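Colleague: Could you take me through the packing and the pockets of this model, one step at a time?

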Amino acid sequence: MKALLLSGVMAFALLGAAGGASAAECGSVTIASMNWQSAEVLANLDKIILESGYGCQAEIIQGDTIPTLTSMTEKGQPDIAPEGWVDFMRDIMDKAVADGKLVYASKSLSDGGVQGWWIPKYLADAHPDIKTIDDALKHPELFPAPEDSSKGAVFNGPAGWGGTVATAQFFKAYDAEKKGFTLVDTGSAAGLDGALAKAYERKEGWVGYYWEPTAILGKYPMVKLDHGAKFDAAEWKRCNTVADCPDPKKNDWEIAEVDTVVTKKFSESAGPAMDYLKARSWDNKTVNTLLAWMTDNQATGEDGAKYFLKNHEDIWTKWVSAEVAEKVKAAVQ
């Protein structure tokens, strides 16, 4: 019945009804907000723009990567996953797109989800010769271990993270122990953040695992070390991400594809609102800075979305028409 009503409204519009993105044309839409900052603020950003700019009746629902994308594939709900880390379900997602169930609307993160080993920008500026992991491992004296300053330290994440496994494997692949380094188990996400923040505020050397977009990389400018190797997908799966694999090779870190995923049904009924979802994409630097502001101000996703809309018109107005932009501006004043 809903599909018939939407079709009727759209047909009426084509026959000469008033143009523009009417509420009936967009209809109701459910938006998944995942349980991390960047996805939360993007869901709220979409809600504000779709409601104020396109007349949608938008509702945010809580989700998480695998449950949300599975539900969209099997049940056609929710309508939008603004920040879908599709690599977790690559084969299933690609099949759903091929079968006409889902649509990849845009790259949520134009840079993708980026992981790797990072050093502080002040250290990179002071030592321009350090550009790669191998370069950093030549200088254990610049990255003193907290328990033994005669050794260098590579800080790792907590047990259970895929990035922690990969870091441990890269530690072996690049012969870091033979080069005078020890691998530090930070124990938790808070422990990893604390180690980085402590070093940064003291302007000390630090090298370790991290990823973006994140608030901490918005607050503390870091430089990602080059791996000095091209990405080899087969080697990545064979050994770089397998904890007990004894012979990992040097490799680049896989960049995660992060897409805005939309159900096929909504994409066909959304009208001009779909043009926005196809255009909406931001880079990690922008997101890092926004997340840092949110953290410092204990801001919600809605707070962050409104702050972004008020302070970054140069970015988001490129995603929409001038008419829609004016409606959005009026809504967040």
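Colleague: Leaving aside its neighbours within four places in sequence, which residues is W282 in contact with?

Modeller: This is a predicted model, and contact here is taken as heavy atoms within 4.5 Å. Once the neighbours within four places in sequence are left aside, the residues in contact with W282 are V41, L42, L45, S108, L109, S110, V287, L290, F308 and W319.

Colleague: Which element gives the largest share of the largest nonpolar core?

Modeller: That core has 44 residues, and W282 is listed with L45, L50, Y54, Y276 and V320 as touching the most other members. The largest share of this core amounts to eight residues, and the element they come from is α3. A second, separate core of 42 residues includes A124, V154, A173 and A176, but the element asked for in the largest core is α3.

Colleague: Where does the largest pocket lie, and why?

Modeller: The largest pocket has a volume of about 1,300 Å³, and of the 43 residues that line it, W85, F88, Q115, Y209 and W211 are the closest to its centre. Its lining divides into 23 nonpolar, ten polar and ten charged residues. Because residues of this lining come from both domain 1 (28–112 + 256–332) and domain 2 (114–238), the largest pocket lies between the two domains.

Colleague: Which element gives the most to the lining of the second largest pocket?

Modeller: The second largest pocket, with a volume of about 240 Å³, has a lining of seven nonpolar, two polar and three charged residues. Among them are G194, A195, K198 and A199. The element that gives the most to this lining, with four residues, is α9.

Notes
Residues numbered from 1 in each chain as written. Predicted model: local features only at pLDDT ≥ 70, side-chain atom pairs only at ≥ 80, totals over all residues. Heavy atoms only, no water. 1 Å grid on protein atoms, 1.4 Å probe; cavity = no way out; pocket = protein on both sides within 12 Å on 5 of 7 lines; lining within 4 Å. Points joined across faces, edges and corners; volume = space filled by probe spheres on them. Nonpolar A, V, L, I, M, F, W, Y, C, P; charged D, E, K, R; others polar. Domains from an automatic or database assignment. Helix = DSSP H or I, 4+ residues; strand = E, 2+ residues; numbered from the N terminus. Core = buried A, V, L, I, M, F, W, Y, C linked by side-chain atoms within 4.5 Å. Buried < 20%, exposed > 50% of the residue type's maximum accessible area, 1.4 Å probe, protein only.
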